[in-house]
Amino acid sequence: MTTASTQDESREKQPEGSKTEVGSYFISNYPPYSQWKADSLDEVKQRMASAPTSENPLGLYLHIPFCRKRCKFCYFKVFTDVKAQEVQRYVDALCNEISMVSQLPVMGDRPFRFVYFGGGTPSFLSPKQLTKLADRLREHITWDGAEEVTFECEPGTLSETKVKTLREQLGVTRLSLGIENFSDKLLEENGRAHLSKQVFSAWEWIEAAQFPNVNIDLISGMVGETWENWKDNIRRTIDMSPESVTIYQMELPFNTVYSADILGNKIQSPVADWQTKRDWVSYAFDEMTSAGYKVSSAYTLVKDTGKVNFSYRDNLWRGADLLATGIASFGHAAGAHYQNLPHMEQYLGAIEGGELPLGRGFVPTEHQALIREMILLLKRGFLEREYFQSKFDVDIVENWKPVWDGYVEEGLAEIHADEVKLTREGLLRVDSMLPAFFEPEHQNVRYT
């Protein structure tokens, strides 16, 4: 799962301890996406047309929107049942977009510090298509010096040849494998395209390719999950011993198959309640820290923090520039936010007409940039007060004292002289805590 694709409906805060009802929960940006407008694009384009004013880190995101199946809980911009010529047309457009992006003055002489192939399912592409994509991209850009190149994979799309292509031709340093669950029954119920036997086949090829960092994705609270099965998931994950593990708590944004069933047929939510999901994640944290892992954020555990640094996450959360390419992708350039056009023919038509496929944008104030960095960095479980004092000249504790006092009283946070630290309970429910820091005009607006 990525944070660079689009959701289609509003965010509704989930009451703590409640059922998992329809509404988004995960926060990946600020101000809310619903506030981004097409009439801000002139300012976005001006900033893209200007040389960078600082050595802000630069990243590249590439969106591959194709999947073998659409999971019943999926809310990303994805396409299934596509023909080979449709895929090739998209890949050609993506390469042409990157050609245009590579000529933007905002790039300056900065190298890409991090690159992220997200989706959808980037591993949907064949080895031949991947090699062609890499060759065409290198006509315009290079990521040879990037400290992290991430590629998302669905186990059932992998082959030994494809895995070797990712490592040797694309230079992938971080492979993220979307396992989600090891139970075939749960995978089938939730609409996943792969089964567990494909995970284990792929794992042999992945280990042989010797990627510096292999991440496993799991989801807490898939439909049909039980305590017994969740414990088995964690046991199997520890046995595989990946460099990092990402665990999401399942939610139900409006445009998912499950959400449509709940709203249309008036059925009860089939997803575990929030407290149960938090209990499952907490259990995973306990078991995996006992096995030598360290908690790196509300969602991630890392085996060796000296080896794995999550360049994409950490730089993006600190306000790095991200040139986002592909349909519906979100980017950041010279302090401005933007999203590409979300409909395929619009996206392809813009590029084939020689235009960047920009759809909407937002130019945040310095205070809004402060809020964005603070709420995203809080997902790590701590905030360094001096960092914000130095960068924004704001004491984040004093500026939001009533909010912090409330969270301390609830047992969700601790305030220290040099940092704010979340308790385990605070870390497990951090996304529900973040809207309290929003500006008043954004407290109860649509999120997307």
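User: What makes Cys 95 count as buried in this model?

Analyst: Good place to start! This is a predicted model, and in it Cys 95 has a relative accessible area of 1%. Buried means under 20%, so Cys 95 is called buried.

User: And why is Cys 153 called buried?

Analyst: The reasoning runs along similar lines. The relative accessible area of Cys 153 is 5%, and the cut-off is under 20%, so the word buried fits Cys 153.

User: How do you know that Cys 95 is too far from the closest cysteine sulfur for a bond?

Analyst: The closest cysteine sulfur to that of Cys 95 is in Cys 153, 18 Å away. A disulfide needs two cysteine sulfur atoms within 2.5 Å, so this pair does not qualify. For Cys 153, the closest cysteine sulfur is in Cys 67, at 12 Å, which is also too far for a bond. A search of the whole structure finds zero disulfides.

User: How do you know that the end-to-end span of helix H9 agrees with its 17 residues?

Analyst: Helix H9 covers residues 274-290. The expected span is 1.5 Å times one less than the number of residues, so H9 should span 24 Å. Its end C-alpha atoms are 24 Å apart, which agrees.

User: What is found at the two ends of H9?

Analyst: At the N-terminal end, Asp 273 acts as a cap, with a side-chain oxygen 3.2 Å from the backbone nitrogen of Gln 275. The cut-off for a polar contact is 3.5 Å, so the distance of 3.2 Å passes. After the helix comes Gly 292, which has a positive phi, near 105°.

User: Which residues of H9 are buried, and what covers them?

Analyst: The buried residues include Trp 274, Trp 280, Ala 284, Phe 285 and Met 288. Among the elements covering the buried residues of H9 are strand S5 (213-220), helix H7 (227-240) and helix H16 (424-428).

User: Why is Arg 235 called partly exposed?

Analyst: Arg 235 sits in helix H7, and its relative accessible area is 43%. Buried needs under 20% and exposed needs over 50%, so 43% falls in between and Arg 235 is partly exposed. Arg 235 and Ala 284 are 49 residues apart in sequence, yet their C-alpha atoms are 9.2 Å apart in space.

User: What makes Asn 315 buried, and what is it in contact with?

Analyst: Asn 315 belongs to helix H10 (residues 311-317). With a relative accessible area of 12%, it meets the under 20% cut-off, so Asn 315 is buried. Leaving aside neighbours within four places in sequence, Asn 315 is in contact with Pro 57, Arg 113, Phe 114, Glu 147 and Ala 320.

User: Which residues of the largest nonpolar core touch the most other members?

Analyst: They are Ile 206, Leu 323 and Trp 404, in a core of 124 residues. Helix H2 (residues 84-102) gives the most to this core, with nine residues. Both domain 1 (33-315) and domain 2 (365-443) supply at least three residues each. Another core, of 14 residues, lies apart from it, and Tyr 75, Phe 76, Ile 219 and Met 222 are among its members.

User: How far apart are the centres of domain 1 and domain 2, and how many residues take part in their contact?

Analyst: Taken over C-alpha atoms, 27 Å separate the two centres. The contact takes 13 residues from domain 1 and 10 residues from domain 2.

How values were computed
Residues numbered from 1 in each chain as written. Predicted model: local features only at pLDDT ≥ 70, side-chain atom pairs only at ≥ 80, totals over all residues. Heavy atoms only, no water. Buried < 20%, exposed > 50% of the residue type's maximum accessible area, 1.4 Å probe, protein only. Helix = DSSP H or I, 4+ residues; strand = E, 2+ residues; numbered from the N terminus. Contact = heavy atoms within 4.5 Å. Polar contact = N/O pair within 3.5 Å; in protein donor to acceptor, adjacent residues only side chain to side chain. Core = buried A, V, L, I, M, F, W, Y, C linked by side-chain atoms within 4.5 Å. Domains from an automatic or database assignment.
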